[in-house]
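User: Please go through this protein model with me, one question at a time. I would like the reasoning along with each result.

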Amino acid sequence: MSHAQAVPARPLKQWWLKWRFHLNILLILVPLGFMPKYFNDAKLFRGDAGLGANVITGIQAGPYTLDLAELRDEAPRQDGPAGNFKSFNAALCKACINDVKAVYLRIGKPRSLRAAGTIFFGAPYRMGTNLPIPPRTKPDAQIWITLEGWDGSMHQASVPLAKASPATVAWLEKQGGKK
């Protein structure tokens, strides 16, 4: 005479059988919470959201005009031992696209073209660069834009850092004596 004995159910297996549907739904919903930020970033990098935050239009450097904007309205980001960097975008005017060879950005007036700063890269209507923010930068500093023409000419313009990036100035003031 054989009696079939029921195998005792294991608690983990019972829990899994009861909650697996809900856990799978959770795996779908959690990534959806990050989608708005993803789409905003994608729109910004495609150029559909403009150049970025704090756009300064019509900066005149010699015969050339450009627009400058910080990529995001936030404090500079630490990039390892290289220091802190702030991302900026620029767009040349349509009339000067063919005449400008390179665009540079720097905090403080450049001594020469060799020390003009970081070079912008990308299409002329949406160029980008990462500007190093030296630790001893004063909140009233100027950002200098240097444009080099194909004819060898060099034109410069300056913009107050407070106008180009208020978040960076607030960050510098918060840093205070950290040098």
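The questions below deal with the overall build, the helix H1 and the salt bridges of this predicted model.

User: Which order do the elements of the protein chain follow from the N terminus on?

Analyst: The model is a predicted one. Its secondary structure comes to three helices and 10 strands. Read from the N terminus on, the elements run α-β-β-β-β-β-β-β-β-β-β-α-α.

User: Is the protein chain more spread out than a compact globule or not, and what is its radius of gyration?

Analyst: The chain, with its elements in the order α-β-β-β-β-β-β-β-β-β-β-α-α, has 179 residues, for which the globule rule gives 16 Å. The C-alpha atoms fill a box of roughly 105 × 45 × 25 Å along the principal axes. The computed radius is well over the rule's value, so the chain is more spread out than a compact globule, with a radius of gyration of 26 Å.

User: What share of the 179 residues of the protein chain counts as buried?

Analyst: A residue counts as buried when its relative accessible area is under 20%. Leu105 in strand S5 (residues 100–107) is an example, being buried with a relative accessible area of 0%. Of the 179 residues, the buried share is 34%.

User: How far apart are the end C-alpha atoms of H1, and what should its 36 residues span?

Analyst: Helix H1 covers residues 11–46. At 1.5 Å a residue, its 36 residues should span 52 Å. The distance between the end C-alpha atoms agrees with this, at 51 Å.

User: By how many degrees does H1 bend at Trp19?

Analyst: Trp19 has its place in helix H1. This residue is partly exposed, with a relative accessible area of 37%. The bend of H1 at Trp19 is about 55 degrees.

User: What is the area of the nonpolar surface patch that includes Trp19?

Analyst: Patch residues need over 30% relative accessible area, and Trp19 has 37%. The other members of the patch are Leu12, Trp15, Trp16, Leu17, Leu23, Leu26, Val30 and Phe34. Together with Trp19 they make a nonpolar surface patch of about 950 Å².

User: How many residues apart in sequence are the parts that Lys86 and Glu70 tie together?

Analyst: The structure holds three salt bridges, and one of them joins the side chains of Lys86 and Glu70 at 2.9 Å, N to O. Lys86 lies in strand S4 (residues 84–92) and Glu70 in strand S2 (residues 64–70), so the pair ties together parts that are separated in sequence. Both Lys86 and Glu70 are buried. The separation in sequence is 16 residues.

User: What is the N to O distance in the salt bridge of Arg77 and Glu74?

Analyst: Arg77 is partly exposed at 48% relative accessibility. Glu74 is also partly exposed, at 27%. Their side chains meet in a salt bridge with an N to O distance of 2.7 Å.

User: Which residue is buried in the salt bridge of Lys101 and Glu148?

Analyst: The side chains of Lys101 and Glu148 meet at 3.9 Å, N to O, which is a salt bridge because the cut-off is 4 Å. Lys101 lies in strand S5 and Glu148 in strand S9 (residues 142–149), so the pair ties together parts that are 47 residues apart in sequence. Lys101 counts as partly exposed at 45% relative accessibility. With a relative accessible area of 12%, the buried residue is Glu148.

How values were computed
Residues numbered from 1 in each chain as written. Predicted model: local features only at pLDDT ≥ 70, side-chain atom pairs only at ≥ 80, totals over all residues. Heavy atoms only, no water. Patch = residues over 30% accessible without salt bridge, like charges linked within 9 Å, V, L, I, M, F, W, Y side chains within 5 Å. Areas by Shrake-Rupley, 256 points an atom, 1.4 Å probe, with all protein chains shown as cover. Helix = DSSP H or I, 4+ residues; strand = E, 2+ residues; numbered from the N terminus. Buried < 20%, exposed > 50% of the residue type's maximum accessible area, 1.4 Å probe, protein only. Expected span 1.5 Å × (residues − 1). Bend = angle between axes of the 7 residues up to and from the residue. Rg over C-alpha atoms; globule rule 2.2 N^0.38 Å.
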